[in-house]
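Reader: I am new to looking at protein models, and I would like a close look at one part. Could you take me through the open and enclosed spaces, with the helices beside them?

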Amino acid sequence: MTQVVKVSDKRRLSGRRKLSVETLGAPEGKPVFLLHGTPGSRYGPRPRGIILYRLGIRLITYDRPGYSGSDRNRGRSVADAADDVAAIADALGIDRFSVVGRSGGGPHALACAALLGRRVICAAALGSLAPSDAAGLEWSLGMADSNVRAYRYAEKDLAALMTTLNEQASQVRSNSQSLLRTLGPELVSDDKEIIGNVALRRIIAENHAKALSETADGWIDDVIALGHPWEFNPSTITVPVKLWSGSDDVFSPATHTYWLAKEILTSELDVETGAAHFGAVEILPEILAWVAGIMNIEPHISRPSTRSETVPVH
């Protein structure tokens with residue numbers, strides 16, 4: 001079910017900004033936010049409904065600002081995701097919840113864990129980047145040239161970044177699989193095998209197409225946010241965190257996950273030998289089972305909506 005949640009935004013004349021939200025799985029289940037990658041949308045890869053029902057999970061996804069059905073929040077930081085997730089939870093009448101982020105969604109999930117206090121029961125970051133200003137980390141070491149170039153543009157040449165991503169988004173609108181084809185030469189063996197799965201390749205391509213159907217603004221803002229200070233410190237996280245990475249990941253190198261594990265004292269580290277970036281899609285059901293196990297111990301309750309309003313979309 002898709003809903004539009006309207007959140008406060010003093011910079012807009014209307015005072016409101018919309019976020020498009022999707023919920024699936026067990027309606028009365030344990031609420032878990034799944035934050036999509038970069039670029040991505042609320043329709044990104046996720047387990048089938050029957051798996052969510054078996055786990056007792058109510059999965060909540062949304063388009064980050066600037067993607068598909070969500071209004072842009074120009075100049076947003078990674079930390080700003082926490083306010084959006086909290087506003088969605090308020091609108092849905094959810095008090096406590098867990099958060100999982102994949103790829104570009106990983107840092108945003110960690111922001112929720114760091115900034116939302118007792119509301120977050122646990123979190124997981126799969127194939128996540130570390131902060132660009134991470135002390136002692138050679139941030140771009142082992143990273144694919146396309147990512148290195150994009151983050152360099154985000155730091156030093158925003159015009160070049162916008163031109164590059166707008167051109168790629170236009171190509172995706174013409175052919176949904178164009179981005180996967182562009183990334184093809186940089187994919188390592190495990191990623192090639194996963195993308196070689198026709199059904200999964202179609203899901204990922206359709207996700208790219210929906211994310212970029214109208215504009216590349218969300219993609220541009222994601223890269224800028226991820227390539228600049230996150231405006232929170234991962235070391236302040238005190239809830240259980242699962243950190244997963246593939247040892248052969250060239251888009252978010254495993255060294256980033258090792259760095260996060262050293263900073264987050266409550267984390268569990270899992271670096272899978274031979275896996276790569278898209279392995280995060282395959283491991284997701286196992287991660288959600290880990291989340292469900294922790295949530296079976298911690299209470300999660302519903303409460304009346306407060307700060308935001310929600311409008312069903314049929």
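Author: Happily; here is a walk from the pocket to a helix pair and on to the cavities.

This is a predicted model, where local features need pLDDT of at least 70, side-chain atom pairs count only at pLDDT 80 or more, and totals for chains, interfaces and linings use all residues. Residues are numbered from 1 along each chain as its sequence is written, and side-chain values use heavy atoms, with hydrogens and water left out.

Let's start with the pocket. On a 1 Å grid over the protein atoms alone, a pocket is an open set of points with protein on both sides within 12 Å along at least five of seven lines, a cavity is a set where a 1.4 Å probe fits but cannot get out, and lining residues have an atom within 4 Å of a point. The largest pocket holds about 710 Å³ of space, a volume being the space filled by probe spheres set on the points, which are joined across faces, edges and corners. It is lined by 36 residues, and Thr38, Pro39, Asn147, Leu183 and Phe251 are the closest to its centre. By class, 18 of the lining residues are nonpolar, 15 polar and 3 charged (Ala, Val, Leu, Ile, Met, Phe, Trp, Tyr, Cys and Pro count as nonpolar, Asp, Glu, Lys and Arg as charged, and the others, Gly among them, as polar).

Helix H4 gives the largest share of this pocket lining, 6 residues (helices are DSSP runs of H or I, at least four residues, numbered from the N terminus). H4 (residues 145-156) also packs against H5 (residues 158-174), at an angle of about 140° and with the axes 6 Å apart. Axes are lines fitted to C-alpha atoms, for helices over the stretch in contact, and angles run from 0 to 180 degrees between N-to-C directions. H4 and H5 are therefore oblique to each other (under 35 degrees is roughly parallel, over 145 roughly antiparallel, 65 to 115 roughly perpendicular, and the rest oblique). In their contact (heavy atoms within 4.5 Å), H4 uses Ala150, Tyr153, Ala154 and Lys156, while H5 uses Leu158, Ala160, Leu161 and Thr164.

Now for the enclosed spaces: there are 2 cavities of 30 Å³ or more. The largest cavity has a volume of about 50 Å³, and its lining includes Leu34, His36 and Arg102. The second largest cavity, of about 40 Å³, has Tyr62, Asp80 and His108 among its lining residues. Helix H2 (residues 80-91) gives the most to that second lining, with 3 residues.

Key: Helices (H or I, at least four residues) and strands (E, at least two) are DSSP runs, numbered from the N terminus.
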